[in-house]
Amino acid sequence: MTITLTEAGKDASKLAVNGALTIYEAASAKAALLEALTKTRELEIDLSGVDEIDSAGVQLLILLKREAVKAGKHMRLAQHSAASLEVLDRYQLASYFGDPVVLSPDA
Amino acid sequence: MSMEAAQQTFIAESRELLVNMEAALLTLEKTPHDTDAVNAVFRAAHTIKGSGGVFGFDALVEFTHVMENVLDDIRAGRVKVDADLIALLLACGDHVSLLLDCLSVKDSAAAFAAAQPESHELQAQLNCYLENEAAGLPQVHDDLAHDADVQRIGGGDTVESDAWHISVRFGHNVLRHGMDPLSFIRYLATLGEIQSIFTLFDGMPDAAAMDPESCYLGIEIDFVGAVDKATIEGAFEYVRDDSAIRILPPHSKVADYVNLINDLPEDKTMLGDLLMASGVLTRNELDEVLRLQQRLDEETNADNPDPLAHTQRIGDILINQGMVQSELVNAAIGKQDQIKQHKVLEASNIRVHAGKLDELINLVGELVIVSASVGLSAKRAGNIDLLEAASTLRRLVEEVRDSALNLRMVPIGETFNRFQRVVRDLGRELGKDVELVLSGIETELDKTMVEKINDPLMHLVRNALDHGIESPQQRAQSGKSPRGQLRLNAYHETGSIVIEVADDGGGLHRDKILARAIERGLATADQPLSDQDVYQFILEAGFSTAQTITNVSGRGIGMDVVKRNIEALRGTINIESEAGIGTTIVLRLPLTLAIIDGFLVGVGKSAYVVPLEMVFECIELSQQDRLRVRESGYINLRGEVLPLLRLRDVFETKGEPSKRENIVVVQYAGMQAGFVVDALMGEYQTVIKPLGKLFEKLSGISGSTILGTGEVALILDVPALVQKAVGSETSKDRPALEHRMLERR
Amino acid sequence: MTKKLIMVIDDSASLRQVVSIALKTAGFDVLEAADGKDALGKLDGRKIHLMICDVNMPVMDGITFVTEAKKLPGYRFVPIIMLTTESRESRKQEGQDAGAKAWVVKPFRPEQMLQAVTKLILP
């Protein structure tokens, strides 16, 4: 799994998550995600490359959102892959994340 | 891989386990505290039960289950091993074998029905060993009871919703155990429709404290489906121990929801709103819930001013109780880690289908023929490089052939070991004390032969026990030790495997046998017969000098069948005996039935193959000897009499003999003979093709083969021919011959 | 879409075969092993979505195997279904402690196994 900053800025940044976001990757992903949040005011997570995601992965996204809200920042999910879409749908978390869901090509 | 194939595997596997079980039980009989043996017996019953269950073989499962219980008790030391128990377990093993037979029979159901009485009888006997213990253990209860059956408020209306409400707060460790809440949600969705789901994560700590591998999630689900509570509980079965699960059936009472809200950790108002948003509570019902909730608070506060008491959730109490209960259960079970790893020979074997092996050997056989043909062509072409390559090819093909044939070789020990049980049981039945001694168990023979010698060996063993070895009293009278000995021995000998069945019993009575033979017209009184010849009469059909015909043997049906079986394998039987000392039956069988190294000889236009391992030497037939041979049928080979057979005469070959003739000296079972042939054509490895039914009875021929040239050559039955050469010699001319030998000197 | 891989570990070849047939029919791929040691040797860093493992096996038993497997980085969180008997020495607690939380009791029918599997992963 890789987490890449595709756009970096003090006001807005984009983070692309590629590969699996599961419990096996959770520890390293947590650090990377939180750090990216500290460096910006608006963070967009591009999920198009997430081919596998489980509850640990979802928890990280929830954590990130909550931390963002606590810090008065913005965080949103975008380009949902089919895998991430299915999982967020199962948990009915779309409204929590408040994003308009735009399907990425593979979804 | 089909179910039928899997079933066949199960039957084969189970039979193997039963063999192990029997051996282990016999060991236990001698050493009752051998834990390895106990484990082996347990494992056999356990595995057969487990695997049998997968196929749905209920009768088998039911029976082995009772066995397993007793064996478990033996393992744990609750039941002691004694002679009766061993006998019972041996009988149970036999019964399981019978049940396995029922599986392969056409009318399986009828066979199982027929086996039932015995099943019940044995189970009843097994149960006697179980009755002596403490009463059954308390069942570990399924629900840790944090469901809405616990009511603190009674009575009241039921809610309208016909949905199940499922509330789960997952344990922190579920993700680490590979249990993902998503799996259960997906599974639930296959059982019906999830009308609504709310995911809660109030329990997630702040970023620093949040453990990315822990689970902080909870779900509130409204579910509609044609299921019962057990099914829904079953969906969450694997996280039940670590998580808090509450299930409210459709049309639960309003009070149930009050209790639910009370039990859950989150804010009550939020929960109430959630329940309404999900649709399980109507606005009115929610108001009712809140009203009741308030009343409960007041009542509880009145009774107990301590606010904490009010918040203590029944769920917690019950969870605590549940844990205590499980500890109690553990103590009662008395779990100790007694299970040892038993030593298992790490033989790295693989199972191969016998058919595939046959196929391989067939192909190798064809390879052998083609390689011979290549060799021939190379010779004719005279090309050095080609000749060398053909020679290398032949060498490699020989190695492949040997390896392939070797795959089919198995140690005879497996077969011999089966007789431990037979000797034990038969000895008891006949009232004789017999010890079975095995030697040469690592001697290998072709697997196809193993199955075929089992019956003959069985009969010989029975015979030895029945008629050979005397009763303990008789033995004591003759000054022998009361315990008799039966020896099974095996070893290799130039191209054959020799199997001996020896007893130290009373030996054969030459005179009685001769008398009976004369009675039956098999011999005349003045016939010169060696001891060996006389003993051979007992292999004739219907021949029995037994005074009493027992259940086991004595009908005289068996020995001739034994002879036929052995001859069908191109083997021979010899009998050695000494009155009062004992008898030894010696079986000689060829090592392999498939491919042989041969020596090719020509007689007239035909080619014959002599098995190379029996060829001793080849010599030219001098002119001098040629004349003598016509007369007497033997020659003087370095001072020894060598009986001869002219194959030309044996096979009635037409035409004139060639100018030069040769002798192939062969040896078999310590006897030598010479075959007079025209041409010696060298070594040939050949694949043995069996003779068609039409030709089976031809004496002197044991098979046919195809040469590299495409011609057919017949394979000589050396044992038969040697006996013919030697036999005709013995009965008629030996005294005269010996006289002539002396003369020559 | 590659199929999910399930590893079946039991010393009874016939049991492995039947379970294999059921799982493959349901749409899974199956990898078989005869005991714990055999199983460890066959992992090869492959992605395994579920393990079905017998408790009582020669050479290396199920509890030992689970303990060893979960030490390996790629297999720390794999869901495991243990197979056991209902006899008193079922070693269930040991298995739970080692990290195997799901259990199926022998004898079981293939449908029961399939049901247990689908509670944890879908094909």
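Which residue of chain C forms a salt bridge with Glu213(B)? The partner is Arg76(C), and the closest N and O atoms are 3.2 Å apart. Keep in mind as you look around that this is a predicted model.

**View 1. A salt bridge between two loops joins chain B and chain C.**
Glu213(B) sits in the loop between β2 (193–200) and β3 (218–224) of chain B. Arg76(C) belongs to the loop between α3 (62–69) and β4 (80–84) of chain C, so the pair joins two chains. The two partners can be told apart by how much of them is accessible. Glu213(B) is buried, because its relative accessible area is 12% and the limit for buried is under 20%. Arg76(C), with a relative accessible area of 35%, is partly exposed.

**View 2. Chain B and chain C meet in an interface that buries about 4300 Å².**
Let us step back to the whole contact. The size of an interface is often given as the accessible area lost when the parts come together. Here carbon and sulfur atoms give 55% of the buried area. Chain B brings 51 residues to the contact and chain C brings 47 residues. On the side of chain B, Val54(B), Tyr187(B) and Tyr238(B) lose the most area to chain C, together 17% of what that side buries.

**View 3. Polar contacts and salt bridges cross from chain B to chain C.**
How many salt bridges does the rule find across this interface? There are four between chain B and chain C, and one of the salt bridges you can look for pairs the side chains of Asp242(B) and Lys101(C), at 4.0 Å from N to O. The interface also has 15 residue pairs in polar contact, counting pairs with both residues at pLDDT 80 or more. Several elements of chain B give two or more residues to the side that touches chain C, among them α1 (3–30), α3 (58–75) and α12 (314–333). The most comes from α2(B), with nine residues. Sorted by kind, the residues on this side of chain B are 19 nonpolar, 16 polar and 16 charged.

**View 4. Arg421(B) is a buried residue of helix α15 in chain B.**
Find helix α15 (residues 413–430) of chain B, and Arg421(B) within it. Is Arg421(B) buried or exposed? Its relative accessibility is 10%, so Arg421(B) counts as buried. Leaving aside neighbours within four places in sequence, Arg421(B) is in contact with Glu22(B), Leu26(B), Leu90(B) and Asp94(B). With Asp94(B) there is also a polar contact of 2.8 Å between the side chains. Arg421(B) belongs to a network of salt bridges that links it with Glu22(B), Glu29(B), Asp94(B), Arg424(B), Asp425(B) and Arg428(B).

**View 5. Asp72(B) and Arg75(B) form a salt bridge within one helix.**
Both residues lie in helix α3 of chain B, three residues apart, which is about one turn of the helix. Their side chains meet at 3.6 Å, N to O. Asp72(B) has a relative accessible area of 1% and is therefore buried, while Arg75(B), at 22%, counts as partly exposed.

**View 6. Helix α3 of chain A has buried residues on the same side.**
Look at residues 82–90 of chain A, where Ser84(A), Val87(A) and Leu88(A) are buried. Why do they share a side of α3(A)? They cover an arc of only 95° around the axis, which puts them on the same side. What covers them includes β3 (42–53), α2 (55–70), β4 (74–78) and α4 (94–97) of chain A, together with α6 of chain B. After α3(A) comes Gln92(A), whose phi is positive, near 55°.

**View 7. Chain A also holds a salt bridge between Lys39(A) and Glu35(A).**
The closest N and O atoms of this pair are 2.4 Å apart. Lys39(A), at 54% relative accessibility, counts as exposed, and Glu35(A), at 44%, as partly exposed. The chain around them has four helices and four strands, following the pattern β-β-α-β-α-β-α-α along the sequence. Of its 107 residues, 50% count as buried. Over all chains, a search of the whole structure finds 48 salt bridges.

Key. Residues numbered from 1 in each chain as written. Chains lettered and ligands numbered in written order. Predicted model: local features only at pLDDT ≥ 70, side-chain atom pairs only at ≥ 80, totals over all residues. Heavy atoms only, no water. Buried < 20%, exposed > 50% of the residue type's maximum accessible area, 1.4 Å probe, protein only. Polar contact = N/O pair within 3.5 Å; in protein donor to acceptor, adjacent residues only side chain to side chain. Contact = heavy atoms within 4.5 Å. Buried area = accessible area lost by both parts, 1.4 Å probe. Nonpolar A, V, L, I, M, F, W, Y, C, P; charged D, E, K, R; others polar. Arc of directions from axis to C-beta.
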